[in-house]
Amino acid sequence: MSLKLEGIMESALNICVTYDHTRFGPFVLGRTSIPETGVYSVCCAIQNLWLAARAEGIGVGWVSILSNQDLQRILLIPEHIRPIAYLCLGYVYEFADKPDLEQAGWLPRLGLDKVVYYERWNDNKPA
Ligand SMILES: Cc1cc2nc3c(=O)[nH]c(=O)nc-3n(C[C@H](O)[C@H](O)[C@H](O)COP(=O)(O)O)c2cc1C
């Protein structure tokens, strides 16, 4: 409970990133076989924003401890538009070497051998 989990009031800029699955009509190349690809694209755009911000010395925090329903109501977002991310951006005092949650002993960083497999699931050795 002592961890700070949002900086909505303190940060210089808040951005709510949304996804409109109706944009460009019902059939969008790349979304026909895997409908979630639209949301994946939005997340890639967020990551690009994050990298660009960090390169400029600006910190980004993704705040997910909020209710999308409340966001939708407060920001007057139409029902068919999905809020994907609520971001807090601003200049920070420092960039820590380790993520806060790892520092606090929440969870350790996983080794690559735990998350990368070769050729087949659970195969930890390259051929
Ligand atoms: C999908 C997602 C949701 C997150 N939600 C929260 C959150 O609700 N509260 C929080 O403190 N950090 C959350 N984080 C982590 C912070 O956004 C991030 O680790 C922190 O701002 C440090 O940024 P840095 O990794 O660029 O140093 C979330 C990260 C992601 C990718």
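**Notebook: ligand shell and pockets**

I began with the classes of the residues around the ligand: the shell holds six nonpolar, two polar and two charged residues. I note at the outset that the model is predicted.

**Entry 1. The shell, residue by residue.** I listed the residues that surround the ligand and found K4, L5, W50, R54, V60, G61, W62, V63, S64 and I65. I then asked which elements of secondary structure supply at least two of the shell residues. These are α1, spanning 37–55, and β2, spanning 58–62. The greatest contribution comes from β2, which gives three residues to the shell.

**Entry 2. Polar contacts of the ligand.** I looked up the contacts atom by atom. A ligand nitrogen lies 2.8 Å from a polar backbone atom of L5. For W50, the partner is an N or O atom of the side chain, placed 2.8 Å from an oxygen of the ligand. At W62 I found a polar backbone atom 2.7 Å from a ligand oxygen. I next checked how much of the ligand surface the protein covers: the ligand taken alone exposes 630 Å², and 53% of that is buried by the protein.

**Entry 3. The pocket that holds the ligand.** I asked which pocket corresponds to the space taken by the ligand. That space is the largest pocket. I recorded a volume of about 1,400 Å³ for the largest pocket. Its lining comprises 34 residues, and those nearest the centre are K4, V60, G61, V92 and D100. Of these names, K4, V60 and G61 also appear in my list of residues surrounding the ligand.

I then traced the lining to secondary structure. At least two lining residues come from each of α1, β2, β3 (81–91) and α3 (100–103). Both α1 and β2 had already been entered for the ligand shell. By class, I counted 19 nonpolar, seven polar and eight charged residues in the lining of the largest pocket.

**Entry 4. The second largest pocket.** I turned to the second largest pocket and noted about 170 Å³ of space there. I asked which residues line the second largest pocket. The lining consists of Y19, H21, P26, F27, V28, R31, T32, P35, E36, V39 and R82. Divided by class, the lining of the second largest pocket gives six nonpolar, two polar and three charged residues.

**Entry 5. Summary for the file.** I record the ligand in the space of the largest pocket, with polar partners at the backbone of L5, the side chain of W50 and the backbone of W62.

Methods
Residues numbered from 1 in each chain as written. Predicted model: local features only at pLDDT ≥ 70, side-chain atom pairs only at ≥ 80, totals over all residues. Heavy atoms only, no water. Near = heavy atom within 4 Å. Polar contact = N/O pair within 3.5 Å; in protein donor to acceptor, adjacent residues only side chain to side chain. Areas by Shrake-Rupley, 256 points an atom, 1.4 Å probe, with all protein chains shown as cover. 1 Å grid on protein atoms, 1.4 Å probe; cavity = no way out; pocket = protein on both sides within 12 Å on 5 of 7 lines; lining within 4 Å. Sits in = over half its atoms within 2 Å of the grid points. Helix = DSSP H or I, 4+ residues; strand = E, 2+ residues; numbered from the N terminus. Nonpolar A, V, L, I, M, F, W, Y, C, P; charged D, E, K, R; others polar. Points joined across faces, edges and corners; volume = space filled by probe spheres on them.
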